[in-house]
Every structure is written in structure tokens, then in C-alpha cells.
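Trainee: Could you take me through one part of this model up close? I'd like to start with something that stands out.

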Amino acid sequence: AEPRPELTTDLDAVLDRAQAWQADYAQPSIAAVTASSTAGVTVDPELGKARFDALRTALERQRVGLSKARANAHDSLDSAANILLVVCLAIGAGLLVLLVAIGIWMGRIITIPLERLGSEVRIVADGQFGRQVTGRGPRELVELGTDIDGMRRQIVAELTTVQALNRRLDAQTGELQRSNSDLEQFANVASHD
């Protein structure tokens, strides 16, 4: 991140005031104490106080600037967090709407046609063999309906064949019974004669 010019200006002022205090008061004071024999080194305490007051003022200005920058950054962070929350809620709502839409779509495209096909199959299974079974909806359900109807037609054809054979068998059974009856009468007549 780029440094903020107002904060770097305050820092530069603090550094300048610190260097001025150090050059005008601190170093001469240190030199006077360490070289007590050196005459001619004089330290003006008023100058040191003035330089340190200037440093203190610059530090206070920097502290106020940093506090404002911190408060602004905190506000920006809160704003960004609120925007992120709104975006996340919007994405969540969008996903919820998408899931509901997918559920409705699956109901219309898959579940409802599958239930209709199951209903038609149950009607045929209950004995209405002449009812045609048709699949609607996706291609797979249409093909499944066609396959089920093919099985229904085959069962109906075999049932029709079995019923025809049963009728023929019943007719032959009736003829055999008449023939047996005739034979019994013939046997009775023959045995009496």
C-alpha cells in the first residue's frame, strides 16, 4: 500500500524536530557531561526545552493524524465487511432460488411424468390390458413408456392366444363329453343286445 502523504509529512516533521533537539541540545549536553574538562561547551536549557516542546507538538500532531487514519481505516473495513455480507447474502439467496428452481424443474420434467407413467402402469396391472401406456417428458421416459407398452402388447397377444386355446380346448372338451356320452349309450345298447 502507498504511504499516505499526510502521515509521512507528520513523520518527517517528527524526525526533523528530533534531529534538531538532538543536534542543538542532546549532543552538546552529552559532550558537556562526558568532557567535564572541556571548557566552552555551554548548553542552553531553554533551547533544549523549546526544541523538545516542538518535538512533542509534532508527535501529538502525528498521533492525531494516526488516530484519524486508524478511524478512517476502521470505517472502510466496516464498510467492506458490510458489502461482503450483502454479497454473501445475495449469493446465498441466489443459490436458494436456484435450488428451488431446480426442484420445480425436476418436478415438471422428471417426477410428474414418472408419476403419470407409474399411474398408467398400475391401471394396466389392475386388469385394463387394452389401455395403452405412453411415456411423456424426457426421452428416457418416453422410451421406457414405449418398452412397457411393448410388454403390455406382448402380454395381451399371449393372453388372447391363451384365451383362444382355452375356448378351443373347452369346445373339444364339450365334443369329447358328447362323444363319451354317445359311446356310453352305444356301450349300454350293445351290452343289452
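Where is the kink in α2 centred, and about how many degrees is it?

Mentor: Look at G107: that's where the kink in α2 is centred, and it comes to about 45° (the angle between axes fitted to the seven residues ending there and the seven starting there). Keep in mind that this is a predicted model, where local features need pLDDT of at least 70, side-chain atom pairs count only at pLDDT 80 or more, and totals for chains, interfaces and linings use all residues. Numbering runs from 1 along each chain as its sequence is written, and side-chain values use heavy atoms, leaving out hydrogens and water.

Now zoom out to the whole of α2, residues 45–125 (a DSSP run of H or I, at least four residues). With 81 residues at 1.5 Å a residue (times one less than the number of residues), α2 should span 120 Å, and its end C-alpha atoms are 114 Å apart, which agrees. Just after α2, G127 takes a positive phi of about 120°.

Next, what's tucked away? G107 is itself one of the buried residues of α2 (under 20% relative accessible area, 1.4 Å probe, protein chains only). Others on that list include L55, A58, Q62, P113 and L117. The cover over α2's buried residues includes α1 (5–34) and α3 (139–192).

Let's pick Q62, which sits in helix α2. Its relative accessible area is 15%, so Q62 counts as buried. Skip its neighbours within four places in sequence, and Q62 is in contact (heavy atoms within 4.5 Å) with D10, L11 and V14.

Notes: Helices (H or I, at least four residues) and strands (E, at least two) are DSSP runs, numbered from the N terminus. Buried means under 20% relative accessible area, exposed over 50%, partly exposed in between (1.4 Å probe, protein chains only).
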